[in-house]
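Hi everyone, thanks for coming. I'd like to walk you through a few local features of a structure, so let's bring it up.

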Amino acid sequence: MRKIYRTISLMVLCSLALLNLSSCEKAGTELSDLMIIQGIGIDVAKEGYKITVEILNNEQSGSPSGDSSAENKTKIYNAAGDSVASALMKLTTKSGNKPFYAQNRVIVLGEATAQRNLTDVLDFFERNYDSRASQLICVAKDRKAEDIIRAKLLTDTVKSKILEKMLESSYEQSLVPRVRIVDAINTIKDDTTYLCIPAVAVQNNGANQDFTLEGCALFDKDESFCMYLSTDDARGLAFLDNNIREGFISADLPNGQKATFVIVKGKTHYQIIKENGKLHYKLRIDLVCDLEEVGGAEFFSTDDDFMEKIKGAAGASVAQLAENTLITLQSEHGGDGIRYGRRLYLYDNNEYEKLKSNWEKEFKNSLTSLKVQVTIRRIGEETFHSKK
Amino acid sequence: MKENKQIFINVDTVSEFEFGDVRENAVENGRLIKEAFKGSFDIVVKKGYCAGKCVVFANCDGLCNSQKIADNAIRPLLSYNGIMPEGNELEFICDNIICGTEQQKQTSLDTAVDMLLRGTLLIFVEGFNQCIIFGVQQIPERSIDEPDTDVQEFGSREGFTENLKTNLTLVRKRLCTPNFTIEMKEAGVQSKTRVLVCYMKGRVNKDVLQKVNERLNNINMDTVLGSGYLQKALDTKRLTLFSMVGQTERPDTFAAKICEGKIGIIIDGTPFALIVPRLFIENFQTLDDYINRPFYATFMRGVRLLSFLISVFLPGVFVSVGLFHQEMLPDDMLYNIVVMESNTLFTLTLEALIIHFVYETVREAGLRMPKSIGHAVSIVGALVIGDAAVTAGLIGAPMLIVVAMTAICSLVSSHLYQPIAVLRIVFILIGGATGLYGIMIGAAVLVISLASMTDYGVPFLAPITPFEKNLMRDSLVRISMEKLGKNIFDINSVRE
Amino acid sequence: MTKSRVSAPQFFSVLYLSVLSSIFMYISSPKTSISQTDSLFRPVAFIVISVIFAIPTYLVMKTVKEKATSGLRVNNKRFFFKIISGIYALVYFVAILRALARFDLFASSELFPGTDMTVFIITLVIVCGLMSLLGLGALARAGVIFTAIVVVATGFVMLSLFKDVDLLNFTPLMEQGFGRIFYDSLYFALQGAEIGIIMLFLPEIKGRIVKAYIIWAILSGITFILILFFTIGTLGAFADTQLFPTYTAVTLAEFGLLERMDALETAIWVLCIVEKVSLYFLGITNCLEFILPKISRRIIAGVCMGVVSLMLSFISADLERFYFMSYEPLVIALYVIPVLILPIALIIYLKKVKPYAENIPNN
């Protein structure tokens, strides 16, 4: 009995080992068979969608020891199909390699795509196992996504990487919100919040091109495009939506001087009250800044008075920025891009349930009062005694 | 099965030459010995007369000191002209004529012949059915050298030799206590190898000692020519790559382990002594740890453990990441690896296997071939693997780095080299077929099977699991000697 | 097999891994949505319910263990015990199927999408079956090491997720009302069906079982709360769109150069599955060995492996069959039968049949 058991178990193990070994040949995907996508541009085409991808050029004729030749680091492919998935699948036939989305850095939506329904575009990325929920999304302002992906940058680098870095650092500088797939879906699923996606463009720089940040694109509750927010308006979003990271503030001092501050940290506090049937958001923005530069160069003294002045000027500058953004958002094409509705939902759920259905109007009618408190942490190496 | 019996000699059936008791006729004893060793010119039998009594000497030339035989035994005996007490001549010869400390009387001729083969002089006196065994051994041996394995930075420079007595002396001089106990045994039907079971009375667990003795007594082998012969018998019966029997070439390590309540086994003819039971973490401990400062010792133990993990898992993980989980590689690294690996001929799995095969071959060649040409092999190996293979596009440079890293790491814990070499090939295959998940399942199997190893009542993975707080002071971490001195590592506290 | 006794912490570390595997592969469905802040109450309820429902098992322990017997597997020829053992074996057989089917779905959706996982899963079944033959001692000792690895890895992921937590992703407390929370919590507590298996191993556990059990329940609860907190905080409503939200949360974790550690993290979760299934296999083998004393446990384990493999390849072929494994009455039965019904039946039987005590040999 024991012998039979041994024979059987040995046979089972052997066959399993064989199965495993035979799969050695085709298990996994060799690195050379991968189409490592770095950036995806999605445009509208006749058939449906046209996809432009930037992929790593892994078929360089360089030696295996790694000294790559003068060939380009990346290649651009495009394909069209009636859906994003089918267009992406068609890429395989072009390069012969298997598309690999996990390293994708950024998804660029063309102007026309942005004007269509967003959920259609995003569903593939939400469902696909390979694509990470943390990919960044941006909109190509006034142009096709292909133009962005095909931009002729000065150096031979991975363009999508530069774009990704630009978007990341803009977020760190509190210039635009960061929109990953997960953020986009969350906002879309929220009943009241409008989605703000950073907008980018390319700018000619001699014979070459550069990426530029062009504020944000605002999408309404039906995921359709509403309007662009200018660069300044986009900056205000961070202060209104408690997304202050770092960044700078320039302020005009009363004596005509200009001061520039670097934000060290910041936080926005909210209080929501109802006044005369209108919602009143009381915002207090606390900022900790370092003084970077005082321009316009007249001698200034060390007194507290001056410190108060520059603090006040910084506060006023921030308040102005936020106010402008709010005005734009509350204008005709605007909407709640700063999660006021979501905050009400957490703050007073009953009130929210009442107002939810008519939130667009409620948002536009809501009042906001801003109070900015600035703390100066450091003033740099120059003392107040220096004479100029 | 039947043919097997014909091909192999069954140890049980080997007949032995039986001498029986010592005869009263001294010449007859000499004749028996001569006849038994017919043709062996190194067995010397000599007859002489002492005070009129016939005396026969027998010794094995080469194993004993001829000068000592002549000066201390033969000359005093043959030149003695005095009177010997009637009926008590044997006693008289031992006490008054021959000079030497090591002498005993033996009635069994079989035992006497055994002793003869161990380098003693046999003296048969006419009319006595006893013989005198006179210790004049001078067995050729190597001088005490620094051991080649188990190299220590600050430890003693003495290593065991092939001589049992020397080895015992080396241990004895480190453990000057009556508690240090030695039991002598013999193993091997033909070789009759002497085996010393050493332990510390009061610290050793009786059950463990009994089990070791049982296993040693039940050994049924023809010859025991090295420590490995006994290792198998003393080891756990489970089929496993790891061993619960330790091996050391260093008397200081040996002494230290005995103080921990373990049992040491010194085998004649090999410089490697065995220690049971051995725990898994002992593979990451060295004697230097107790000489170095605690923080450094702890750090180095961590480094050794990490090296072990790297040497087992790194190639497999690299292959699986390259084939299944490319997203895990940081962006820039992926780009570099992709460019380098894209131009190679083989798949990653095959690449890893080939280069490991080459590495193991070079290692084995370096180990077995004459030392004088060792350098040539390392140069060829380095050139072939290092440069040519990469340039020719056979192997990617990243894989080469991985294998080089693995090779270095695997030499850190030299005791574990054998399991490491096998395991990493297994993990390359698993990783290449099923990715990280397969590797994790393999790792789970490895850990569970290590955890299942319990021999002599001691779990192999103790004191990590089952967790023993007190022993953790000197396992992966080592606290200072002052604190350690009071709480010596006691192997029996982890017994289940 | 040598019956090595394991300490209570070792045994409960295996159970800890076992319950963790359920939360790691938590499937979101309309009924088990976790994007609401209210779902943070569920682990608290889990602790309370686990402690309350363990009372029958505790009572059996009191009546049986103090007489130094081998719990259920008494060397007792009574038919009743064989029936009880049979039911236990059946329940944990289904539990194995459920756990592995879930893993199969997870593996084929997230780990190796687009590939046939049958060979992989069958390999896993065989590995777990063989590991169970090494005995509880080996599983429990390895469990301690695995627990350490899993806790460190999960803690690391949580640390790197910390910066991504957005408090606006949470929802108002008690939004869906107390009734819903109560129902959800009860349903969530079913994740802890492991506690039924304690019964099968009672005699092999030494040390203070009750204390270890309560610590286990609390630690499991706290781990659940942390995992849910990070899942909700980083994903928000997105969690409900994902089949395995906990996994998706892990994919967001970035730590410096290491950007996508989800493969490593999920590979570490495999350890939980191996421990869980091996423990269940061991339980089944023990029960069946008691029912069929003449058949060697290797053969029993082998047959179990074969049947499980066959059924899994059947389930794997159609998504509908996965849904059946999550069918509510089935899930409830898998909890109620081993945790409540069988221990209560045992207590009643033990109280009624007095001569029981004399029939028990001492171990």
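Before the first count, a word on what I call contact: two residues are in contact if their C-beta atoms, placed from the backbone, lie within 7 Å. Please also keep in mind that this is a predicted model.

So, how many residues does each of chains B and C bring to their contact? Chain C gives 27 residues and chain B gives 24. On the side of chain C that touches chain B, α5 (118-133), α6 (135-161) and α12 (262-291) of chain C supply at least two residues each. The largest share there, 8 residues, is from α6(C). Sorted by class, that side of chain C has 19 nonpolar, 5 polar and 3 charged residues.

Now over to chain B and its helix α2, residues 26-36, where B:Ala26, B:Asn29, B:Gly30, B:Leu32 and B:Ile33 are buried. They sit on the same side of α2(B), because the arc they cover around the axis is only 160°. Their cover includes β1 (43-50), β2 (53-60), α5 (109-116), β4 (121-125) and β5 (131-134) of chain B.

Between β1 and β2 of chain B there is a loop holding B:Ala51. This residue is not a glycine, yet its phi is positive, about 50°. B:Ala51 is partly exposed, with 16 other C-beta atoms within 10 Å.

Chain A has a positive phi to show you as well: A:Arg339, at about 55°. A:Arg339 lies in the loop between α9 (304-329) and α10 (340-347) of chain A, and counts as buried, with 23 C-beta neighbours inside 10 Å.

Last stop, the loop between β12 (458-459) and α17 (481-486) of chain B, home to B:Pro463. The peptide bond from B:Ala462 to B:Pro463 is cis. B:Pro466 lies in that loop too, and the bond leading to it from B:Thr465 is also cis, with omega near 0°. Thanks for listening!

Terms used: Residues are numbered from 1 along each chain as its sequence is written. Chains are lettered from A and ligands numbered from 1 in the order in which they are written. This is a predicted model: local features need pLDDT of at least 70, side-chain atom pairs count only at pLDDT 80 or more; totals for chains, interfaces and linings use all residues. A residue is buried if 20 or more other C-beta atoms lie within 10 Å of its own, exposed if 12 or fewer, and partly exposed in between; C-beta atoms are placed from the backbone. Helices (H or I, at least four residues) and strands (E, at least two) are DSSP runs, numbered from the N terminus. The arc is that of the directions from the helix axis to the C-beta atoms. Ala, Val, Leu, Ile, Met, Phe, Trp, Tyr, Cys and Pro count as nonpolar, Asp, Glu, Lys and Arg as charged, and the others, Gly among them, as polar.
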